[in-house]
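The report below describes side-chain packing, ring pairs, charged pairs and surface character in a single predicted model. It is meant to be read alongside the sequence and the coordinates.

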Amino acid sequence: MATCPRGCTPAVRLCQRLNRLKTLEDDMMATSLKRCLSTLDLTLLGVGGMVGSGLYVLTGTVAKNMVGPAVIISFIFAGIASLLAAFCYAEFGARIPKTGSAYMFTYVSVGEIWAFLIGWNVILENMIGGAAVARAWSGYLDSIFNHAIQNFTETHIMQWNVPFLAHYPDLLAAGILIVASFFISFGVQVSSYLNHIFSVISMGVILFILVFGFILAEPANWSQKEGGFAPFGLSGILAGSATCFYAFVGFDVIASSSEEAKNPQKAVPIATAISLGLAATAYILVSTVLTLMVPWHSLDLNSALADAFFRRGYSWAGVIVAIGSICAMNTVLLCNLFSLPRIVYAMAEDGLFFKIFARVNPVTKVPVNAILVFGVLMATMALIFDLEALVQFLSIGTLLAYSFVAASVIVLRFQPDKTSSKGTASTSPNPNAEPSPARSESQTITEDSGELKQYESFSDKLQLVERQASRERRGVGQLRAYWEPYLGKLLGDCEPGEVVAFCVLSLIVSSVSLCVVLEFGTKQLQLPIWSFSVLLVIFSSALVLSLALIWIHEPRTDSKTFQVPLVPLTPAASILINVFLMMKLSHLTWIRFSVWIAVGLFVYFGYGIWHSKEGMRELQPKDMAARYVVLPSGSLVETVQSVQPDGQVDTSAPHITPSAASTAEEYAGKR
């Protein structure tokens, strides 16, 4: 990152520190964790994270209260919306195979403080999610035994009537979290094996539900006599899609596991696509079976599937469904406990969170401290808190992370490389690496063919400069050559990627404004029709203009890993959907979100900003590097960055070396 020039105000220096980007190492596969996960392992992790209690509870709730049998269409819409976000996660997970998921992706493309806040929200999201699933698991198991566990706890242990706290301590939920944390601390392979077992059982139960359910299906349950296929109309389908969207939350565990994958470049995109496809298929088919077995308006909200088999006279099938439900909840618990410590580890490894959580056990190759500490915290939340009021908080953290990852895809697609091989001044050196003695005598140049060629003599450099000057190549993030005559004077002087970054900000602002007008314009704001229409036109035009300005710049096309198709349209659609869903959340959710953000800012400014490794990296000496520039007069100027004894980098003014000056004059004379 460039140093602040003299005379720069403290506010600008602080802004630079807050928005500094993470420098990626040359060897992206190097890690202190153990790379042992295959494509199958990642796929089952993704399926386990998505196909949980929602399959057994959410389908019946949405079908009865919001959509009817058209819940099938709601799941299709929700699956498509989730696919847009999954594309973005797959690209980052393959290109940057490091743990941390949305936190890491934001850090390398948007800035440090934004990455910290995303990671901070993802931590809370996983903690609440794991605790909520543990309580659901406990309640489901307790219902099988006619609530004997709850009655015993309230009678012989304790109970209380305190707002926001549960009526009794849920010892079973806390116990399952402690036990799961203990198993996960044994290593990633143990976690993967446990997930395999529960996922296989869960998928077997789902197959049983589908086969036996279609045998018992009655098409008359979709007839007009029972209310028809879509009794709540299009508005009900869209409202149901917003709720069904959260059923697919969980695929980001694949990106969180990319640092432990054997071949993340191929495994992450494939596992993301397969797991999302399997989850969507399961939700759609189970919803079809459920609404065909019994009338949608008579579904039991607490255990719709088990109750449907019981009402058809097959009570023994309800036991199988209960087993599948418990196994599915176990997979969700494992995924939460698996991804949460790795996000904490990534933040601690970068110096933004407490260093104790960055320690990796030398035997198991997992961050044991993070697993045990946050496992206990999650168990404490499940023990005492009434999480029903906090569950909705999960959605805002997830949607915010999805939005930032989508924006990061656009920024990084049009951003020149900030890391490169030796010989470039922009690369932060590895402290353990020794500088090459021949760096000042030979330069490694990348040709159009992609091969590396050594130019040993200065005349070779001049020939290279002449050949490159004759070409009209546009670099990544620069204005396309076709638009140069029209917009060159207006945008040509901007740094590569600078216009795109500004347009991404404009895209987010216009998306938020558009969704606010659509959601609150005619109701809370009570805007007249003419002003409502004018605002829609203004914000829609700003959104389209932002996309157009992004499109006329050169994107990155040389990536060998998976890339999101139709950039910037695909990430922009994901941002718009996520923002629209956030506008549907209650005001209490936004208040809780603001409080949690305030706590996060206190942690960041109290610890993270002072211990950031990127901040320390700026104080380290940089490699000496030379760049040759042809001036309009024909002379060649060599710009040198030298290393000072005190470790500070001194960027000297451009100067012409004696050999360079003489050779440049000869070259200019020949021309």
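Leaving aside neighbours within four places in sequence, Ile396 is in contact with Met582, Leu585, Thr589, Trp590 and Phe593. Ile396 belongs to helix H16, which covers residues 393–413, and its relative accessible area of 1% puts Ile396 under the 20% limit, so Ile396 is buried. One of these partners, Leu585, lies 189 residues away along the chain, yet the C-alpha atoms of Ile396 and Leu585 are separated by 7.7 Å.

A second buried position is Ser181, in helix H8 (residues 171–184), with a relative accessible area of 3%. When neighbours within four places in sequence are set aside, the contacts of Ser181 are Leu337, Ile371, Leu372 and Gly375.

Charged pairs come next. The structure holds nine salt bridges, and the table lists three of them with the distance between the closest N and O atoms.

| Salt bridge | Closest N and O atoms |
|---|---|
| Arg413 and Glu91 | 2.7 Å |
| Glu218 and Arg312 | 3.3 Å |
| Lys584 and Glu519 | 3.3 Å |

In the salt bridge of Arg413 with Glu91, distant parts of the chain are linked, with Arg413 in helix H16 and Glu91 in helix H4, 322 residues apart. Both Arg413 and Glu91 are buried. Glu218 and Arg312 form another salt bridge, and here too distant parts of the chain are linked, with Glu218 in the loop between H9 and H10 and Arg312 in the loop between H13 and helix H14 (315–349), 94 residues apart. Glu218 is partly exposed at a relative accessible area of 36%, and Arg312 is partly exposed at 26%. For the salt bridge between Lys584 and Glu519, Lys584 is placed in the loop between helix H21 (569–583) and helix H22 (587–611) while Glu519 sits in helix H19 (residues 498–520), so the pair ties together parts that are 65 residues apart in sequence. Lys584 is partly exposed, with a relative accessible area of 44%, whereas Glu519 is buried, with 18%.

Aromatic rings give another set of links. A search of the whole structure finds 37 aromatic pairs. Among them, Phe182 and Phe183 have ring centres 6.1 Å apart and planes at 70 degrees, so this pair is edge-to-face. Phe182 is partly exposed with a relative accessible area of 48%, and Phe183 is partly exposed at 37%. Phe232 and Trp296 also form an edge-to-face pair, with 5.8 Å from centre to centre and 70 degrees between the planes. This pair links distant parts of the chain, Phe232 being in the loop between helix H9 (188–215) and H10 and Trp296 in the loop between helix H12 (264–293) and helix H13 (304–311), 64 residues apart. Phe232 counts as partly exposed at 34% relative accessibility, whereas Trp296 counts as buried at 9%. Elsewhere, ring pairs join a cluster that includes Phe116, Trp120, Phe353, Trp596 and Tyr604.

On the surface, Ile76, Phe77, Ile80, Leu234 and Leu238 form a nonpolar patch with about 470 Å² of accessible area together. Helix H4 (71–95) and helix H10 (233–244) are the elements that give two or more residues to this patch, and H4 gives the most, with three. Leu234, found in helix H10, counts as exposed at 58% relative accessibility.

Helix H20 (residues 529–551) allows a simple geometric check: at 1.5 Å a residue, its 23 residues should span 33 Å, and its end C-alpha atoms are 33 Å apart, which agrees. Buried residues in H20 include Ser531, Phe532, Leu536 and Leu543.

Note on methods:
Residues numbered from 1 in each chain as written. Predicted model: local features only at pLDDT ≥ 70, side-chain atom pairs only at ≥ 80, totals over all residues. Heavy atoms only, no water. Helix = DSSP H or I, 4+ residues; strand = E, 2+ residues; numbered from the N terminus. Expected span 1.5 Å × (residues − 1). Buried < 20%, exposed > 50% of the residue type's maximum accessible area, 1.4 Å probe, protein only. Contact = heavy atoms within 4.5 Å. Patch = residues over 30% accessible without salt bridge, like charges linked within 9 Å, V, L, I, M, F, W, Y side chains within 5 Å. Areas by Shrake-Rupley, 256 points an atom, 1.4 Å probe, with all protein chains shown as cover. Salt bridge = Lys/Arg side-chain N within 4 Å of Asp/Glu carboxyl O. Phe/Tyr/Trp six-rings, centres within 6.5 Å; stacked < 30°, edge-to-face > 60°.
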